[in-house]
Amino acid sequence: IGDISNAEVSVFEVNIRFIGGLLAAYYLSGQEVFKLKAVQLAEKLLPAFNTPTGIPWAMVNLKSGVGRNWGWASAGSSILAEFGTLHMEFVHLTYLTGNPAYYQKVMHIRKLLAKMDRPNGLYPNYLNPRTGRWGQHHTSVGGLGDSFYEYLLKAWLMSDKTDTEARKAYDDAIEAIERHLIRKSNGGLTFIGEWKNGHLERKMGHLACFAGGMFALGADGSPDDKAGHYLQLGAEIAHTCHESYDRTVLKLGPEAFKFDSGLEAVAVRQNEKYYILRPEVIETYWYMWRFTHDPKYRQWGWEAAQAIDKYCRVSGGFSGVKDVYSSNPTYDDVQQSFFLAETLKYLYLLFSSDDLMPLESWVFNTEAHPLPVLHLGNITLPGSEPARR
């Protein structure tokens with residue numbers, strides 16, 4: 001990586017990739033060095049939380065501790081998926097070190113969000129860390145929003161289902177998502193649109209395809225006997241996302257795809273026709289396989305694996321492709337780190353037995369790094385209630 005001691009880094013990416021990866025390596029190997037490095041790195045991120053609201057900056061300089069936000073983000077805002085995707089790792093940091101600072105930082109974010117007014121019950125993607133007000137009222141279950149919802153559910157799962165506050169927030173959020181963002185296309189495909197400027201854009205990103213797996217994972221424990229409903233919803237989203245792959249020449253899905261004017265589950269704009277080795281569709285296949293054991297999920301996963309091998313393999317590894325609708329695609333010449341961390345891992349898990357990383361014992365962070373369920377017994381982290389045994 002070179003000398004990153006003076007680098008400006010993304011708080012979110014360092015957390016999910018490096019800290020999450022180091023924590024998982026520690027839990028899987030028992031080697032203290034991984035825990036030590038995770039904690040050293042986490043300490044370097046803490047200055048990012050020195051804002052008027054406690055909502056962290058998107059970026060922090062590892063040497064100076066100075067933070068700032070992305071220039072392109074709405075009105076100097078922090079991004080929901082970024083400050084909302086710290087909880088799992090930070091709770092584990094407090095658990096392993098006994099230092100309450102990590103836990104307090106993420107619980108403060110949760111409390112602040114719980115107090116805020118939500119337009120239509122939806123969480124906007126932008127929040128200003130100086131004023132504590134929402135930026136533009138855009139809502140997405142794809143990029144900018146995605147893993148915030150995932151971590152509400154996973155906070156509950158990781159707490160051995162004692163963190164009922166997180167579960168309630170998840171249930172309320174997906175109820176609003178289902179009411180305002182989820183639609184069925186004319187061709188019968190269930191999709192998750194994006195709320196922008198007061199209307200629903202009938203477009204779904206590859207990133208949003210993770211939500212099929214999330215709905216399945218959250219089905220057990222959902223209110224009003226709706227477990228079957230959410231498992232079904234997960235299956236419908238898995239089907240839609242498979243169609244986005246199947247309707248291309250390469251059998252690999254585009255970055256984003258639309259549902260209007262007869263064209264369904266296909267990318268319309270050239271700059272949305274690329275595939276960069278993303279894992280979300282395969283992630284959903286794996287969760288659906290674990291919960292239903294319907295063989296089609298393994299079949300669909302195998303189709304994707306073969307397509308990746310055929311069209312993305314290059315002499316030095318694997319590359320993204322610029323147009324999944326072209327029979328002689330050009331490479332982007334990048335092997336994303338999530339290809340190894342997630343895409344191949346979820347494929348491997350899809351073809352492994354259920355007793356490899358059982359979901360009762362492990363919760364995967366948003367970069368597919370497994371963290372154990374915390375059976376805290378008598379230790380109660382604030383915001384949760386003691387386990388009923």
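This tour moves through a predicted model, stop by stop, with a selection to make at each.

**The nonpolar core**

Begin by selecting Met-204, Phe-215 and Leu-252. These residues have the most contacts inside the largest nonpolar core, which has 122 residues. Colour domain 1 (1–158) and domain 2 (185–352) separately, and note that this core draws at least three residues from each of them.

Next, centre the view on Leu-252. Beyond residues up to four places away in sequence, Leu-252 touches Tyr-245, Tyr-275, Ala-304, Ala-307, Ile-308, Tyr-311, Cys-312 and Val-324. Two of these contacts, Ile-308 and Cys-312, return at later stops.

**Helix H8 and its surroundings**

Select helix H8, residues 211–219. How many of the nine residues of H8 are buried? The count is nine of nine, so the helix is largely enclosed by the rest of the structure. The buried residues are Ala-211, Gly-212, Gly-213, Met-214, Phe-215, Ala-216, Leu-217, Gly-218 and Ala-219. Phe-215, already displayed as one of the core residues with the most contacts, is among them.

To see what encloses H8, add its packing partners. The helices to display are H6 (146–158), H7 (164–180), H9 and H10 (280–292), and the strands are S6 (182–184) and S7 (190–192); the buried residues of H8 pack against each of these elements.

**The loop from H8 to H9**

Move to the end of H8. Just after the helix, Gly-221 takes a positive phi of about 105°. Select Ser-222 in the loop between H8 and H9. Ser-222 has a relative accessible area of 12% and is therefore buried, the limit for that class being under 20%.

Two distances are worth displaying here. A polar atom of the Ser-222 side chain lies 2.6 Å from the backbone oxygen of Ala-219, and one lies 3.4 Å from the backbone nitrogen of Ala-227. Ala-219 belongs to the buried residues of H8, while Ala-227 is at the start of helix H9 (residues 227–246). With neighbours within four places in sequence set aside, Ser-222 is in contact with Arg-167, Asp-171, Ala-227 and Tyr-230.

In this loop, select Asp-225 as well. Its phi is near 55°, a positive value in a residue other than glycine. Is Asp-225 buried or exposed? At 81% relative accessibility, Asp-225 counts as exposed.

A further non-glycine residue with positive phi is Asp-160, at about 60°. Asp-160 is found in the loop between H6 and H7, and its relative accessible area of 21% makes it partly exposed.

**The disulfide**

Now select the cysteines. A search of the whole structure finds one disulfide, formed by Cys-209 and Cys-241 with their sulfur atoms 2.1 Å apart. The link is left-handed, with -90° about the S-S bond. Cys-209 is in the loop between strand S10 (203–205) and H8, and Cys-241 is in H9, so the pair ties together parts that are 32 residues apart in sequence. Both cysteines are buried.

For contrast, select Cys-312, which is in no disulfide; the nearest cysteine sulfur, that of Cys-209, is 16 Å away. Cys-312 counts as buried because its relative accessibility is 0%. Cys-312 is also one of the residues that Leu-252 touches.

**The annotated position Thr-366**

Select Thr-366, which UniProt lists under "binding site" in an unreviewed entry. Thr-366 sits in the loop between strand S15 (362–364) and strand S16 (370–372). With 14% relative accessibility, Thr-366 counts as buried.

Display its contacts next. Residues up to four places away in sequence aside, Thr-366 touches Ile-16, Thr-85, Ser-147, Glu-150, Tyr-151 and Glu-342. Which residue's side chain is joined to that of Thr-366 by a polar contact of 2.8 Å? It is Glu-150.

**Last stop: Thr-330**

Finish at Thr-330, in the loop between strand S14 (317–318) and helix H12 (337–350). Thr-330 is partly exposed, having a relative accessible area of 48%. Not counting neighbours within four places in sequence, Thr-330 is in contact with Gly-320, Val-321 and Lys-322. To relate this stop to the opening one, draw a line from Thr-330 to Ile-308: their C-alpha atoms are separated by 14 Å, and the two residues are 22 residues apart along the chain.

Key. Residues numbered from 1 in each chain as written. Predicted model: local features only at pLDDT ≥ 70, side-chain atom pairs only at ≥ 80, totals over all residues. Heavy atoms only, no water. Core = buried A, V, L, I, M, F, W, Y, C linked by side-chain atoms within 4.5 Å. Buried < 20%, exposed > 50% of the residue type's maximum accessible area, 1.4 Å probe, protein only. Domains from an automatic or database assignment. Contact = heavy atoms within 4.5 Å. UniProt positions renumbered as here; feature names shortened; annotations may be inferred. Helix = DSSP H or I, 4+ residues; strand = E, 2+ residues; numbered from the N terminus. Polar contact = N/O pair within 3.5 Å; in protein donor to acceptor, adjacent residues only side chain to side chain. Disulfide = S-S within 2.5 Å.
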